[in-house]
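Biologist: Thanks for joining me at the screen! Could you walk me through this chain, one question at a time?

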Amino acid sequence: MKTTSLPGFALASLAIGLAAACGGASTNGTAEAAPAKPAEEAPAKAKADGPKVGDKIGQSAAERAAARAEAAKKRAADQARIDAELAARGVERIGWEDLMPEGEEERLAQMYQAQMAMLYSGAGVAEGSAADTAVQIGTFNTVKELNGKKIRIPGYTVPFEYGADAQIKEFLLVPYFGACIHAPPPPPNQTVFVMSDKAIKMQDLAQAVWIEGTIHTQTQESDLADAAYTITLTGIEEYTY
């Protein structure tokens with residue numbers, strides 16, 4: 001277990017909880033009570049069939065529903081076409097949950113609960129102390145069947161070098177933005193070490209990407225995080241939402 005961080009939403013929840021505990025709500029100790037604000041009218045309750053983001057002015061509820069259904073149908077068709085193209089090349093599209101072996105989520109939940117209990121059992125962690133470090137919680141357990149497969153997976157890139165002209169051949173792929181930099185890293189088996197024969201110029205770390213290549217159950221260690229998987233990169237392209 002290496003010092004770095006926790007996974008996805010659980011990490012985010014822990015970070016938010018810690019931030020609340022450390023920051024706290026500030027009070028100025030003013031003796032006078034602030035004048036009471038006049039009662040405000042409760043906002044009108046939104047209609048269930050009201051407009052949503054992306055709806056056009058003038059559309060009826062039925063037209064909006066039809067437009068959303070058509071858009072969803074088009075996305076599904078596009079994804080089916082892409083999956084067929086990948087299958088023809090022997091490539092399988094996978095998600096981050098596919099990297100977790102059976103029973104791993106339950107094991108992680110127990111590890112997070114133990115970490116939370118430790119953090120809140122004592123007098124707290126002093127800022128700057130030896131204990132004031134993010135810890136990479138998780139295991140190196142992998143799905144052996146994935147070893148050597150050609151896969152395509154979406155994620156966010158975390159380079160080891162930064163700069164406008166940085167050309168990199170190695171980086172980490174993680175399931176959520178900010179991991180390993182602004183937030184603790186995911187578990188090792190939710191962190192992928194990517195290697196490329198050709199140097200790549202990283203321009204926007206906030207832009208998710210599709211990574212394509214051959215995955216191996218090969219452990220890699222780095223200062224940012226340890227990874228339980230390694231991908232030999234064959235392609236990278238922008239992920240469209």
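**Confidence, strands and cores**

Modeller: Happily! The protein chain averages a pLDDT (the predictor's confidence in each residue, from 0 to 100) of 80, and 75% of the residues score at least 70. This is a predicted model, where local features need pLDDT of at least 70, side-chain atom pairs count only at pLDDT 80 or more, and totals for chains, interfaces and linings use all residues. Residues are numbered from 1 along each chain as its sequence is written, and side-chain values use heavy atoms, with hydrogens and water left out.

Biologist: Which element has the lowest mean pLDDT?

Modeller: Helices (H or I, at least four residues) and strands (E, at least two) are DSSP runs, numbered from the N terminus. Among the elements, β5 has the highest mean pLDDT, 97. Where pLDDT is low, the predicted coordinates should not be read in detail. The lowest mean, 40, belongs to helix α1 (residues 8–23).

Biologist: How many bridges join β2 to β5?

Modeller: Two strands pair if DSSP finds at least two bridges between them. Strand β2 runs antiparallel to β3, with 4 bridges, and Pro159 stands opposite Phe171 there. With β5, the β2 strand also runs antiparallel, and Ile153 stands opposite Ile211. The number of bridges joining β2 to β5 is 6.

Biologist: In which sense does β4 run relative to β6?

Modeller: Strand β5 (residues 209–216) is joined to β6 by 8 bridges and runs antiparallel to β6, with Thr214 opposite Thr232. Strand β4 (residues 192–201) is joined to β6 (residues 229–238) by 4 bridges, and Phe193 stands opposite Thr230. The sense of β4 and β6 is parallel.

Biologist: Why is β2 described as largely enclosed by the rest of the structure?

Modeller: Buried means under 20% relative accessible area, exposed over 50%, and partly exposed in between (1.4 Å probe, protein chains only). Strand β2 is largely enclosed because of its count of buried residues: 9 of the 10.

Biologist: How many residues are in the largest nonpolar core?

Modeller: A nonpolar core is a set of buried Ala, Val, Leu, Ile, Met, Phe, Trp, Tyr and Cys residues joined through side-chain atoms within 4.5 Å. Leu173, Ile153 and Ile211 are among the members that touch the most others. The elements giving two or more residues to this core are β2, β3, β4, β5 and β6. The size of the largest core is 21 residues.

Biologist: Which side chain makes a polar contact with that of Glu104?

Modeller: Glu104 lies in helix α3 (residues 104–119) and is buried, with a relative accessible area of 0%. A polar contact is a pair of N or O atoms within 3.5 Å; within protein, one must be able to donate a hydrogen and the other to accept it, and residues adjacent in sequence count only if both atoms are side-chain atoms. At 2.4 Å, the partner side chain is that of Thr139.

Biologist: How far apart, centre to centre, are the rings of Phe160 and Phe193?

Modeller: Rings of Phe, Tyr and Trp (its six-membered ring) pair if their centres lie within 6.5 Å; planes under 30 degrees apart count as stacked, over 60 as edge-to-face and the rest as tilted. Phe160 is partly exposed at 31% relative accessibility, whereas Phe193 is buried at 6%. With 35° between the planes, the pair is tilted, and the centre-to-centre distance is 5.8 Å.
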